[in-house]
Amino acid sequence: MSRFRVLATLSLALGLATLGVFIDANRRRGAIDSQAIGSFVRRTGSADLALSSTSRWLRHPSLAEPGAACQDGPPCIDTEPAGMAIDEARELLPSTLSIRVMR
Amino acid sequence: MRALLHYALGSASRRGPKNLAIALGLAFTVALIGSGIFITESLRAVHQRAIQEAPSLLLERLEGGRPALIPVDAAIPFRAMLGVRDVKPRVWGYTFLGAAEGNIVVFGEANRDAEHVTVGPGLARLLGLRIGDRLALSTASYAHVYRVDQLLPASAALVAHDAVIVSEDEARLLLNIPAGMATDIAIDVFPPEEIGAVSAQISELEPTLRIVDQESMSRLYTLTFDARGGMLLLLYLPCLAALLLLAWDRFSGLSTEERREIGVLKAVGWSTENVLAVRMIESLLVALFGTAFGLLAAYVHVFVFEAPLFSRLLFGWSTLHAPLTLAPSTDIATLLALIAIVVVPFVSISAIPAWRAATIDPDRAMRGD
């Protein structure tokens, strides 16, 4: 019987911890004022995350220099550890040069 | 079933230290993987919130492959386009701030007086600013003293940490942007279904402009977080594999005492299925408690302590970076997927050793052969 009691105690502790996590998660979600983020973006037009301010391709990936030399491999963690967090904006790079082969 | 569970609990407690070591290893692995998932999901949610308010289109002029200033007048033809609700030439840029040893982003705001400045939470904290303080900003060619009229709240730090907002004219002077020029042009389109059509019209009218649309930005960040989250998961897969190997070794290596115990059970009438069930229940208990503890540890690591193990990686060399004050945004499906990728292989690899143990000949097992 004591084995069941140990299991029940452990399960209860885990259940209480899970409940605590749910309550805490709700509280944190409520505390984050998403209006503040929306308000800033409306004022400035900038929705890029401020995870790093060292490189433009990290601070403003959507507006980074598409043709700059550092665009070749910015996500390398050797160059900048924060490259692990933000990828280069390949999606947004325009084709600035069209090429045609004629024979 | 009750008897099997009772016996499995006894068996687990008899091998307490070994099971505890495996459960802790499992918890550590789950905590690392879970932390990565919690961070990427929360950052994704913040960006999704931010992108909803972003301009539909941003237009940049490129010169030599680099963004160049764009004449404010270039915005005029776009105002008449069908679906365009607002066209706003933006004046913004970076400037190095010695005191912070990092770059700050200066935004110019139209219809704002020249004497006031709004400061982001990072800079405000660094300089200990309060509303009403005077703040002198100077460049090689211009200097001005502003009064702080607003401090952006800490809850906006993930987008506004290093921001300074002044009037448009002041931003021009601080960033050395001539009158009549802008950094880029922001265009609001309504309804959103028209964004593609407006973008195509602009591209036809001004083929040299780089057009960044809201949808592409959203997709860019989604891909980034997917890729980076996947990369983190890949980094921890060897950790998980090592743990599974350890568990395999633990479950397959039966001691003489364990073999004798199984032999006695079978001799008193336990079936192979019963012995198998006991072993599976034991490994399932270890897996469930280890995983649950790991998820709790990941939650505390990311949301209570702001992910100290990951933040150096995320922020790189940056000196002025936002605190990782995140709100949990992980859905139940993701959590269940995480539990599945850890618990299912863990219980599965214990099945074969459990089957081998369950099919031991009782006579030979009791004699210790």
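Two residues are in contact here if their C-beta atoms, placed from the backbone, lie within 7 Å. Keep that in mind for the views below, which all come from a predicted model.

**View 1. Here is where chain A meets chain B.** Chain A brings 50 residues to this contact, while chain B brings 67 residues. On chain A's side, the elements that supply two or more residues are α1 (2–31) and α2 (34–44) of chain A. The top contributor is α1(A), with 10 residues. Sort chain A's side by class and you get 28 nonpolar residues, plus 11 polar and 11 charged ones.

**View 2. Chain A by itself has helices and zero strands.** There are three helices in this chain, and reading along the sequence gives the pattern α-α-α. Chain A has 103 residues, and 35% of them are buried. Now take the contacts in chain A with a separation of 6 or more: 35% of those link residues 24 or more positions apart.

**View 3. Over in chain B, six strands make an open sheet.** Walk across the sheet and you meet the strands in the order β5-β6-β10-β7-β9-β8, with mixed pairing. At the edges stand β5 (92–97) and β8 (134–138) of chain B; each has a single partner strand, so one side of each has no neighbour in the sheet. Ignoring direction, neighbouring strands are turned by 40° against each other on average.

**View 4. Zoom in on β6 and β10 of chain B, a parallel pair.** Strand β6 covers residues 102–109 and strand β10 covers residues 163–167, and five bridges join them. One residue to look for is B:Glu109, whose bridge partner in β10(B) is B:Ser167. A helix from the other chain also shows up here: α2(A) packs on the sheet and touches β5, β6 and β10 of chain B. The direction of α2(A) makes about 45° with that of β10(B). Chain B adds a helix of its own, α6 (residues 168–175), which packs on the sheet and touches β5, β6, β8, β9 (143–151) and β10 of chain B. The direction of α6 makes about 145° with that of β6(B).

**View 5. The last close-up centres on B:Asp184, in strand β12 of chain B.** That strand takes in residues 184–189. B:Asp184 counts as buried because it has 24 C-beta neighbours inside 10 Å, and the cut-off for buried is 20 or more. Skipping neighbours within four places in sequence, B:Asp184 is in contact with B:Leu58, B:Leu59, B:Glu60, B:Ile70 and B:Arg90. For a wider sense of scale, try B:Arg312: it sits 128 residues from B:Asp184 along the chain, and their C-alpha atoms are separated by 32 Å.

Notes:
Residues numbered from 1 in each chain as written. Chains lettered and ligands numbered in written order. Predicted model: local features only at pLDDT ≥ 70, side-chain atom pairs only at ≥ 80, totals over all residues. Helix = DSSP H or I, 4+ residues; strand = E, 2+ residues; numbered from the N terminus. Nonpolar A, V, L, I, M, F, W, Y, C, P; charged D, E, K, R; others polar. Buried ≥ 20, exposed ≤ 12 C-beta atoms within 10 Å, placed from the backbone. Pairing = 2+ DSSP bridges. Axes fitted to C-alpha atoms, helices over the stretch in contact; angles between N-to-C directions.
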